[in-house]
Amino acid sequence: MHSLPVLWLYGPPGVGKTSVTWELFRRLAAEGLSTGYVDIDQVGMCYGPPTTQNWAPEPADDPGRHLLEARTLNAVVANFRDAGAHGVIVPGVIDQVRGMPVDLLPDAALTAVRLRADPGDLGRRLAARDNPFEDRAAIPALADALDRAFAGKPCVDTTGLTIAEVADRVLAHTGWPGVPLTEPLSARLAPGPAAGGASRPLGSEVSVSRTPDPDAGGARRAPGLDASGVSRTPGFDAGGVSRTPHPSAGGDQTLGRGAGDVERALGRGAGDVERALGPGTGEILWVCGPTAVGKSTVGWQVYQRIRQGGVTAAFVDLDQIGFRRPVPAGDPGNHRLKAANLASVWRSFRASGAACLIAVGPLERPEDFTHYADALPAAAITLCRLRASRRVLGERAALRGRGVSPASGLAGDELVGQPPGRLREIADQAARIDQTLGVFGDLHVDTDDRPAADIATEILKRTGHPMPA
């Protein structure tokens, strides 16, 4: 199999990695080049339970989780290649000491470009985005360390430039994806010796912290979820859970192991879980629902609460691992690719000790679930559908349109900046999809006028997942 061209932009926080890579992704896809996009953070969100010393503990042999991210990215890149993509664009940090672990990326033909900015410009961008979970005081030293460690490596100075101008310079500098590499990857990507909207300015984007937010809502909290009662969907048992049958199976057959087996396994340590269930098995809780219903907000809180309950857990946003454009005509939701990538991500997280995975993402048609069931035949997938009235969907879509998002700073939010009429159309379509799905799913949770924490608590109780004491 051939290696797939991968363009990786790295640099300090605030330098514009996400904005520039998304501009490149949109531009190349618009020209007809089948292009993928993966933020490196999205393939590394796997953490053990928080401790009194560390909210987000990391393995001693993999600080920063760079090795985990590289292994997972390689599997995802292979899936993009198999799906017919011509290249993948990746924004993200790298290990400033070891450089990129290219030996873990055999399926990627890597081109790496560092983005930098002068200290004054970088400081203004960091102040503008005002991320409360970002150690702003430490970033100038990191930027300086990258300048010294990777001196002489491909670099684009973003100082004073717009997003489009930086994208132009990256393409002119690299010729990506059409120019072959002229020197070994190890020479291009290892640290060098130490030395003394497209027209928007860089720095207007908002950041998301790389580590789990200790405030279980935190940066992902979406206004519009306030308090109300609970409504259970008819057709579900008193506990609220019925396992989703494989679409190709008949009767009441279930995926993977029964809930009791999984819950017993989740109560053990990571090593015991791995021995008991093996790679590719385990529990996947998929929080789905229509656009603007609150999937990311609620799913993130569920994930944090499970970790606080003593479980090594992982989190993935299906949209963030399934960006490919132009979108194939036969799979408008990119579900085949998302399913393959979900299986690859879960295998990698499972090998790192994760006992369960919280996934968030849309599901428009019952038949689309078949791709995920086929890709993860040994996993116990619980499909949790969040539901909301047309009124609430409209309110939340309007907030997203104004840039109020549970995951500000992530690429690909198509609601931001949309006019009111278009946002109303999106809310209408979301309500129709929700009605079309009917009773499909393992549990339904109404979200109208309820806080995300209350919704997360209901989900945890009904699925039997561990919760904080």
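Two strands count as paired if DSSP finds at least two bridges between them. Keep that in mind as you click through this predicted model.

**Stop one: strand β10.** Select residues 356–360, which make up β10. How many of its residues are buried? Five of five, so the strand is mostly covered, where buried means under 20% relative accessible area. In a regular strand, side chains alternate between the two faces of the sheet. Now show the side chains here: Cys356, Ile358 and Val360 sit on one side, while Leu357 and Ala359 sit on the other. Both faces are covered, and each of these residues is buried.

**Stop two: the partners of β10.** Add residues 283–288 to your selection to bring in strand β7, which runs parallel to β10 and is joined to it by five bridges. For a spot to zoom in on, try Val287, which stands opposite Val360 of β10.

Next, pick residues 313–317, strand β8. This strand also pairs with β10 in the parallel sense, over five bridges. Here, look for Ala314 facing Leu357 of β10.

**Stop three: the largest cavity.** Leave the strands and select Trp8, Ile40, His66, Glu69, Ala70, Val93, Ile94 and Pro101, the residues that line the largest cavity. How much space lies inside? About 40 Å³. Color the lining by class and you'll get six nonpolar residues, one polar and one charged.

Which helix gives the most to this lining? Select residues 66–82: that's helix α2, which contributes three residues.

Note on methods. Residues are numbered from 1 along each chain as its sequence is written. This is a predicted model: local features need pLDDT of at least 70, side-chain atom pairs count only at pLDDT 80 or more; totals for chains, interfaces and linings use all residues. Side-chain values use heavy atoms; hydrogens and water are left out. Buried means under 20% relative accessible area, exposed over 50%, partly exposed in between (1.4 Å probe, protein chains only). Helices (H or I, at least four residues) and strands (E, at least two) are DSSP runs, numbered from the N terminus. On a 1 Å grid over the protein atoms alone, a cavity is a set of points where a 1.4 Å probe fits but cannot get out, and a pocket is an open set with protein on both sides within 12 Å along at least five of seven lines; lining residues have an atom within 4 Å of a point. Grid points are joined across faces, edges and corners, and a volume is the space filled by probe spheres set on the points. Ala, Val, Leu, Ile, Met, Phe, Trp, Tyr, Cys and Pro count as nonpolar, Asp, Glu, Lys and Arg as charged, and the others, Gly among them, as polar.
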